[in-house]
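Here is a quick tour for anyone meeting this structure for the first time. Have a look at it, then read on.

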Amino acid sequence: MLGNIKSVLLNLAKKPVTRMYPDVKRNYFENTRGHLINDMEKCVLCGICQRVCPSNCIKVNRDEARWEYNPFECVLCGVCVERCVKKSLKLDSAYRQPASSKYRVELLMESREEGKAAGKVKSLA
Ligand code: SF4
Ligand code: SF4
């Protein structure tokens with residue numbers, strides 16, 4: 001009983017351990033595997049990420065200068081990031097936002113000479 005009273009008094013003097021979510025959000029831990037991103041200005045479409053991906057969720061089309069990724073099949077293992085020769089792939093610590101329908105990410109290298117890239121999201125048929 002005395003132990004309980006002591007705990008109650010101590011807790012009254014402490015700050016709350018909970019946060020006022022969603023107003024106060026917790027920062028992601030530094031190495032959280034949230035979602036995969038590709039910097040198309042560095043990517044050379046070598047296809048290594050496609051070959052090493054255990055989920056087979058990356059498609060590289062050199063002829064059409066296109067890099068495609070299905071985030072719903074990715075298990076965030078990080079193998080593609082480790083093997084990317086140009087370090088263009090990165091696992092961002094923020095989690096992907098929830099979605100009401102599945103989609104795939106399609107990144108186009110619009111002009112190899114100028115290094116311009118364009119990205120878009122396509123719904124899965
Ligand atoms: S391994 Fe890296 S450079 Fe090669 S296609 Fe994949 S993302 Fe691009
Ligand atoms: S993180 Fe793993 S599962 Fe996801 S695309 Fe890369 S290799 Fe494939």
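Let's start at the front end. Helix α1 covers residues 2-13, so to speak a run of twelve residues, and spans 17 Å from its first C-alpha to its last, close to the 16 Å expected at 1.5 Å a residue. That expected span is 1.5 Å times one less than the number of residues in the helix. α1 is hardly covered, with zero buried residues among its twelve. Here a residue is buried if 20 or more other C-beta atoms lie within 10 Å of its own, exposed if 12 or fewer, and partly exposed in between, with C-beta atoms placed from the backbone.

A word on the ground rules: this is a predicted model, where local features need pLDDT of at least 70 and side-chain atom pairs count only at pLDDT 80 or more, while totals for chains, interfaces and linings use all residues. Residues are numbered from 1 along each chain as its sequence is written, and chains are lettered from A and ligands numbered from 1 in the order in which they are written.

Now the overall layout. The protein chain has three helices and six strands, in the order α-β-α-β-β-α-β-β-β along the sequence. Helices (H or I, at least four residues) and strands (E, at least two) are DSSP runs, numbered from the N terminus. Of the 125 residues in the protein chain, 15% are buried.

Where is the largest nonpolar core? It has 16 residues, and those with the most contacts inside it are M40, C49, I58, W67, Y69, C80 and L89. The elements giving two or more residues to this core are β3 and β5 (103-111), and β5 supplies the largest share, three residues. A nonpolar core here means a set of buried Ala, Val, Leu, Ile, Met, Phe, Trp, Tyr and Cys residues joined through C-beta atoms within 7 Å.

Next, the two ligands. A residue is near a ligand if its C-beta atom, placed from the backbone, lies within 6 Å of it. For the classes, Ala, Val, Leu, Ile, Met, Phe, Trp, Tyr, Cys and Pro count as nonpolar, Asp, Glu, Lys and Arg as charged, and the others, Gly among them, as polar.

| Ligand | Residues around it | Closest residues | Classes in the shell |
|---|---|---|---|
| ligand 1 | 14 residues | C43, C46, I48, C49 and C84 | ten nonpolar, three polar, one charged |
| ligand 2 | 13 residues | C53, S55, C74, C77 and C80 | eleven nonpolar, two polar, no charged |

What about strand pairing? β2 (residues 58-61) and β3 (residues 66-69) pair in the antiparallel sense over four bridges; two strands pair if DSSP finds at least two bridges between them. K59 stands opposite E68 in β3. Four residues sit between the strands of this hairpin, where A65 takes a positive phi near 50°. A65 is not a glycine, and with 17 C-beta neighbours inside 10 Å it counts as partly exposed.

A65 has some company among the backbone oddities. L45, in the loop between β1 and α2 (48-52), also has a positive phi, about 55°, without being a glycine. Is L45 buried or exposed? L45 is buried, because 21 other C-beta atoms lie within 10 Å. Finally, the peptide bond from Y21 to P22 is cis, with omega near 5°, and P22 lies in the loop between α1 and β1 (35-38).
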